[in-house]
Number of protein chains: 2
Amino acid sequence: MKSSSFKIKLTRVEEKLQQLGQIGALPGGGVSRLALTDEDKAARDLLLHWMEQLKLDIRIDELGNMFGIRPGKTAGPPVMVGSHLDSVGTGGLFDGSLGVVAGLEIMEVLNEHNILTNQPFAIANFTNEEGVRFTPDMMGSHGFSKPEILQDLLNAPAVDGSGATVKSELQRIGYAGQTPCGSLSIDTFIELHIEQGPVLETEGIQIGAVEMVQGIYWTEYIFQGVSNHAGTTPIQMRKDAGLVAAQVAAFVRQLANMMGANQVGTVGLIELHPNLINVMAEQARVIIDLRNTDGISLAQAQVSLDKKVKELAKAEDVKLRKNELVRFPPVQFDAKLVSQIANTAQQLGYSVKQMPSGAGHDAQMMASLCPTAMIFVPSVDGISHNIKEFTKAEDMERGCQLLFNVVLDLIS
Amino acid sequence: MKSSSFKIKLTRVEEKLQQLGQIGALPGGGVSRLALTDEDKAARDLLLHWMEQLKLDIRIDELGNMFGIRPGKTAGPPVMVGSHLDSVGTGGLFDGSLGVVAGLEIMEVLNEHNILTNQPFAIANFTNEEGVRFTPDMMGSHGFSKPEILQDLLNAPAVDGSGATVKSELQRIGYAGQTPCGSLSIDTFIELHIEQGPVLETEGIQIGAVEMVQGIYWTEYIFQGVSNHAGTTPIQMRKDAGLVAAQVAAFVRQLANMMGANQVGTVGLIELHPNLINVMAEQARVIIDLRNTDGISLAQAQVSLDKKVKELAKAEDVKLRKNELVRFPPVQFDAKLVSQIANTAQQLGYSVKQMPSGAGHDAQMMASLCPTAMIFVPSVDGISHNIKEFTKAEDMERGCQLLFNVVLDLIS
């Protein structure tokens, strides 16, 4: 079967994204659709309705992951595409949703042309990818790929302290499914996603064939000093926790610059207490986000950071506590599948670049189960997790068409 | 008259401080007695009662500054001592109150021994020294020394946004007085105060003869960058407002170190927005507190800071707004009076050091009107603006006795 003879319909994709965008819509655009809220339930209900219309074999697992399977000639494991429908508190219409809607569109085209494929094809909506209301993020795909942690994930409490758990909220919204987590074998997994960064746009490239996900380390440092008067305390007598926090944040950039292009480092969170103009901070808290495509370099960056943090704390005589919040090593995607994506893009006449993903995605969890890769389409101004998040219609169209062609080549 | 033959009574001083400390008392010690609140009124009422018992000529001016005058043989301007009874939100029992209570104790001793002095002697309680509920700080003494700004001060709104003004609150608590602001001529002003810093304690010295108040500059910088994803945004494309804030805070310490002992610099306040782990800050706000005993050096420090802030903002391509919040030049006290204080301390057998004040005080406003100086007594661990603020009984006793002897020499 020649995949290039079938065209996806952009208008259907846009319409579904708009319908989803009305669920949890924010004034000024964007959505708030935190995992396992009423809004998440409404989006799931809509997806279920679409899956039913497409006559898919629907499965909902114990973590609320939703699957819709279209049978093939053979009964083997399906090729799967998908992503997530939950959002951050001020999210856009594309993050996650595009990957799910693209899967629905592939189903539409297959049904439209009555294509009987060799292998089954499936779409997925994974629970709580964002990790805002319940941690950790990528929860559904994590549990799917590692069923032995299922109970821990089900017992995760809401970060708002309401006492709700993943389990109680799944039950409340009616998505605590029967399918055992991880019981579904998958042949191949591909996730179409917006880039959420500026690289494709800046370089004028239409498609990213994502070959890996950067490793991510999050480390919290809490410094305990002594609050004293800014006017009456000589410099050499100070134990200024805020100063150390600032020095650490400044060092993180130096470290990234020293280590070069594959190392990034960010301090987005700095909190001082009491945070008054004329009082040295008694306590300061920073969380450092380090990422690298190379696992060994990332671990080395963390060692350098820990060493510098200790030196700075010692120099100011402030006490130091350290909490390792996240330690995700880099994940390599399947080289053959990445090449297939890049080659198919070129055949379609799209400009394409093999690139890493800076953000975490469900696909990185799936990579431990089966050949996996991702397709990126450009984000305008690189903006995401923001109501201004936007991806142009022609970019979405290219992404969906490429996903369709790659999938059809796999399942034909 | 030989002042050394009269002794102040520590027990009376301690008792009055304890009585004041019950007004606005906090659990665990300390007081909350914000200016022009019901607690401030209660403290003022108690002071009024004490002044009446001492048969003083009581004056309350338009800004609520309270004066109690003891006549002398001549009718000229009085020698005045005093400080303030208002506190910060979590204040101690000594900041301000000690200077007022010491004045009352001098009155007690003069009355006890029926001493008719040559000059009149007065005590003062200045309105809103702390500047917490209404800005600026040192409000009462500022208006007293500069009556042309009276209306602006009376119209100052409460920072809590309640709509109350200094004027409306003075009227509400019954301390909008009749005496025109600044109509009282003063011969000499001396303020006894706790040091609020660690220098005297660390050096094992009993008395500070305060020769000046450091100049104080407060400058707010607001950096406007672009929020972007910590994983997907290459370092060279970042406009990280939080990074610049951290670099500025780290530089302030470098600047103080470069300029040496008389220059201090503090960043007690850093605020990032949105302050999330994996998002570069779109906006960051810092307020820089620079102080120096030398006005020219202080101005130079500010120039160096401004230059560096511009460089750092430009390097990261973030926008910069600057607000000059406070520009107090250093205030020199009267050299002869400072020497008299130091000499009298030595005659009493107290160890003494001439030193600057790192904090602002009412005395710095009075210095524009008449010969002025201050006496410092040690603060345990240098702690102030804190319920743990403490000054030992023997240190208070030395401070009060020294103040008595200096005053008696002046008014005899």
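The contact between the two chains takes 52 residues from chain B and 52 residues from chain A. Within chain B, Ile235(B), Arg253(B) and Ile277(B) supply 17% of the area that this chain buries against chain A, more than any other three residues. Together, chain B and chain A bury about 4400 Å² between them, and carbon and sulfur atoms account for 60% of that area. The structure described here is a predicted model.

**Chain A as a whole**

Chain A contains twelve helices and 13 strands. Its radius of gyration is 23 Å, which agrees with the value near 22 Å that a compact globule of 412 residues would have. Along the principal axes, the C-alpha atoms of chain A fill a box of roughly 80 × 45 × 40 Å.

Of the 412 residues in chain A, 61% count as buried. The exposed surface of chain A comes to about 15200 Å², of which carbon and sulfur atoms supply 50%. Among the contacts in chain A with a separation of 6 or more, 79% are made by residues 24 or more positions apart. Chain A carries 34 positive and 47 negative charges, and the mean positions of these two sets are 3 Å apart.

**Backbone features**

Most residues other than glycine have a negative phi, and most peptide bonds are trans. Several places in this model depart from that pattern.

In chain A, a cis peptide bond with omega of about 0° joins Thr135(A) and Pro136(A). Pro136(A) belongs to the loop between strand 4 (121-125) and helix 4 (139-145) of chain A. In chain B, the peptide bond from Thr135(B) to Pro136(B) is cis, with omega near 0°. Pro136(B) is located in the loop between strand 4 (121-125) and helix 4 (139-145) of chain B.

Two asparagines have a positive phi. Asn128(A), which is not a glycine, has a phi of about 50°. This residue sits in the loop between strand 4 and helix 4 of chain A. Asn114(B), likewise not a glycine, has a positive phi of about 45°. Its place is the loop between helix 3 (97-112) and strand 4 of chain B.

**Accessibility of selected residues**

The table lists the relative accessible area of four residues.

| Residue | Relative accessible area | Class |
|---|---|---|
| Asn128(A) | 1% | buried |
| Tyr217(B) | 14% | buried |
| Asp317(B) | 48% | partly exposed |
| Asn114(B) | 67% | exposed |

Because the limit for a buried residue is under 20% relative accessible area, Tyr217(B) at 14% falls in that class. Asp317(B), at 48%, counts as partly exposed because exposed residues must be over 50%.

**Two residues of chain B in their surroundings**

Tyr217(B) lies in strand 7 of chain B, which comprises residues 215-224. With neighbours within four places in sequence left aside, its contacts are Ile288(B), Asp289(B), Leu290(B), Leu298(B), Ala299(B), Gln302(B), Val326(B), Arg327(B) and Phe328(B). Tyr217(B) and His385(B) are separated by 168 residues in sequence and by 20 Å in space, C-alpha to C-alpha.

Asp317(B) is situated in the loop between helix 9 (295-316) and strand 10 (319-328) of chain B. From Asp317(B) to Thr188(B) the separation is 129 residues in sequence and 54 Å in space, again C-alpha to C-alpha.

Note on methods. Residues numbered from 1 in each chain as written. Chains lettered and ligands numbered in written order. Predicted model: local features only at pLDDT ≥ 70, side-chain atom pairs only at ≥ 80, totals over all residues. Heavy atoms only, no water. Helix = DSSP H or I, 4+ residues; strand = E, 2+ residues; numbered from the N terminus. Rg over C-alpha atoms; globule rule 2.2 N^0.38 Å. Buried < 20%, exposed > 50% of the residue type's maximum accessible area, 1.4 Å probe, protein only. Contact = heavy atoms within 4.5 Å. Areas by Shrake-Rupley, 256 points an atom, 1.4 Å probe, with all protein chains shown as cover. Lys, Arg positive; Asp, Glu negative; His and termini not counted. Charge placed at Lys NZ, Arg CZ, Asp CG, Glu CD. Buried area = accessible area lost by both parts, 1.4 Å probe.
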